[in-house]
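Hi everyone, thanks for making time. Let me put the structure up on the screen, and then we can go through it together.

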There are 2 protein chains.
Amino acid sequence: MLNNSHYIDKLRSSGLRPTKQRIKICEILFNTEKTFHFTINDLVKKISKATNDKISLATVYNTVHAFKKKGYLKEIPINSDQSYFDTNTSHHHHFYDESQKDLIDIDDADVEPVKINTRIPGKKIKSVEVLVKVEDAE
Amino acid sequence: MLNNSHYIDKLRSSGLRPTKQRIKICEILFNTEKTFHFTINDLVKKISKATNDKISLATVYNTVHAFKKKGYLKEIPINSDQSYFDTNTSHHHHFYDESQKDLIDIDDADVEPVKINTRIPGKKIKSVEVLVKVEDAE
DNA sequence: TTCTACATTATAATAGTTCTAAACTGTTGA
DNA sequence: TCAACAGTTTAGAACTATTATAATGTAGAA
């Protein structure tokens, strides 16, 4: 059994009740050193590997959306049949290998800051995402 | 009646048979001075406004995908419940107003070229897309 | 004109996601 | 401690965008 008090505090402090489902999902998403990308489907598989108490699909969706809203997850804009999420919420961009359907972080040091020299009146910038699509070089 | 020989040539030269459905869709997509963004649903509505001969949904999907493949349309990577396409195939980026679900072109002159100082071995870059999400400034 | 490969069509199927409404649970405060 | 309530979970239905199917139609070549 892991020490979950950290997650309990984290959840409670952001106004989310620390239910056992949410704590379990926190463990799966945030207990690793390395951050990673996942789809809902990936997460469901991880959950069923990690525990015998199954978590309903609706709860997985609810939780992922709640975590996204609280800033614990980021959604990555890709055209795909499913949504990709990232446990790395720090500023960074992505490669997307369409043939392999593989998402790869780009170290922020490897990207010159993107300068947008125009604004939309009455709007403020929420995020700037760069997606670099790659394919096999022949 | 418009002069469609241009579209007929365009279609034929790219190996697509110039059917009346494809020509009609060309008229709707490419007859305007200004380029624009659309979803499949938007396009279906435009078609039903523009003509009495309805075009089946499957054909609309087929045609949009064929046009995309030929480079007449670009798909814009956004997380959304539906895909967005752009009749502007030149290099440029986008603002996305999530509250209004509104996509806005960013003039390429207003964006400093995005420099990616890393590569994935064996892969070549296919596209670099910047998506700037905005929200209402309070 | 006839043939054939390509296109269109209506409809069914699929898949990701959201909704619903009932059961359950964490939290608060008496 | 316990009742009460709001927030949460759940199974399954519903929804929606998209793709597949298979029959019919059509453009283009011979």
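I'll start with where the two chains meet, then move to the strands and a helix within them.

One thing up front: this is a predicted model, so please take everything I say in that light.

Let's begin with the interface. How many residues of each chain are in contact? We have 39 residues of chain B touching 39 residues of chain A. Between them, the two chains bury about 3700 Å², and 55% of that is on carbon and sulfur atoms. If you want to know who contributes on the chain B side, look at B:Asn79, B:Lys123 and B:Lys124: this trio provides 17% of the area that chain B buries against chain A, more than any other three residues.

Now the polar side of the story. The rule picks out 28 residue pairs in polar contact across the interface of chain B and chain A, counting pairs with both residues at pLDDT 80 or more. Which elements of chain B are involved in touching chain A? Strands E2 (74-76), E4 (93-97), E5 (102-106) and E6 (123-136) of chain B each give at least two residues to that side. The largest share is from E6(B), with 14 residues. Sorted by class, the side of chain B that touches chain A holds 17 nonpolar, seven polar and 15 charged residues.

On those charges, six salt bridges are found across the interface of chain B and chain A. One of the salt bridges joins the side chains of B:Asp136 and A:Lys123, at 2.5 Å from N to O.

Let's stay with E6. Strand E6 of chain A, residues 123-136, is joined to E6(B) by 13 bridges, and the two run antiparallel. You can check the register on screen: A:Val130 has B:Val130 as its bridge partner, and A:Val134 is partnered with B:Ile125.

E6(B) has a partner in its own chain too. E4(B) and E6(B) pair over four bridges, in the parallel sense, with B:Tyr96 bridged to B:Lys133.

Over in chain A, strand E4 (residues 93-97) and strand E5 (residues 102-106) are antiparallel and share five bridges. There, A:His94 is the bridge partner of A:Asp105. The hairpin of E4(A) and E5(A) has four residues between the strands, and A:Lys101 takes a positive phi near 55 degrees.

Back to chain B for another sheet. Three strands make an open, antiparallel sheet in the order E1-E3-E2. Why is one side of E1 and of E2 left without a neighbour in the sheet? Both stand at the edges with a single partner strand each, so one side has no neighbour there. E1(B) runs antiparallel to strand E3 (residues 84-86) of chain B, with two bridges between them, and B:Phe38 sits opposite B:Phe85 in E3(B).

Last, the helices. In helix H2 of chain B, residues 20-30, the buried residues are B:Ile23, B:Ile25, B:Cys26, B:Glu27, B:Ile28, B:Leu29 and B:Phe30. Their cover includes helix H1 (5-13), strand E1 (37-38), helix H3 (40-50) and helix H4 (57-70) of chain B.

Helix H3 of chain B also contains B:Lys49. Is B:Lys49 buried or exposed? B:Lys49 is exposed, because its relative accessible area is 78%, and the cut-off for exposed is over 50%. Its C-alpha lies 24 Å from that of B:Ile104, with the two residues 55 apart in sequence.

That's my tour, and I'm happy to take questions.

Methods:
Residues are numbered from 1 along each chain as its sequence is written. Chains are lettered from A and ligands numbered from 1 in the order in which they are written. This is a predicted model: local features need pLDDT of at least 70, side-chain atom pairs count only at pLDDT 80 or more; totals for chains, interfaces and linings use all residues. Side-chain values use heavy atoms; hydrogens and water are left out. Contact means heavy atoms within 4.5 Å. Buried area is the accessible area (1.4 Å probe) that two parts lose on being put together, summed over both. A salt bridge is a side-chain nitrogen of Lys or Arg within 4 Å of a carboxyl oxygen of Asp or Glu. A polar contact is a pair of N or O atoms within 3.5 Å; within protein, one must be able to donate a hydrogen and the other to accept it, and residues adjacent in sequence count only if both atoms are side-chain atoms. Ala, Val, Leu, Ile, Met, Phe, Trp, Tyr, Cys and Pro count as nonpolar, Asp, Glu, Lys and Arg as charged, and the others, Gly among them, as polar. Two strands pair if DSSP finds at least two bridges between them. Buried means under 20% relative accessible area, exposed over 50%, partly exposed in between (1.4 Å probe, protein chains only).
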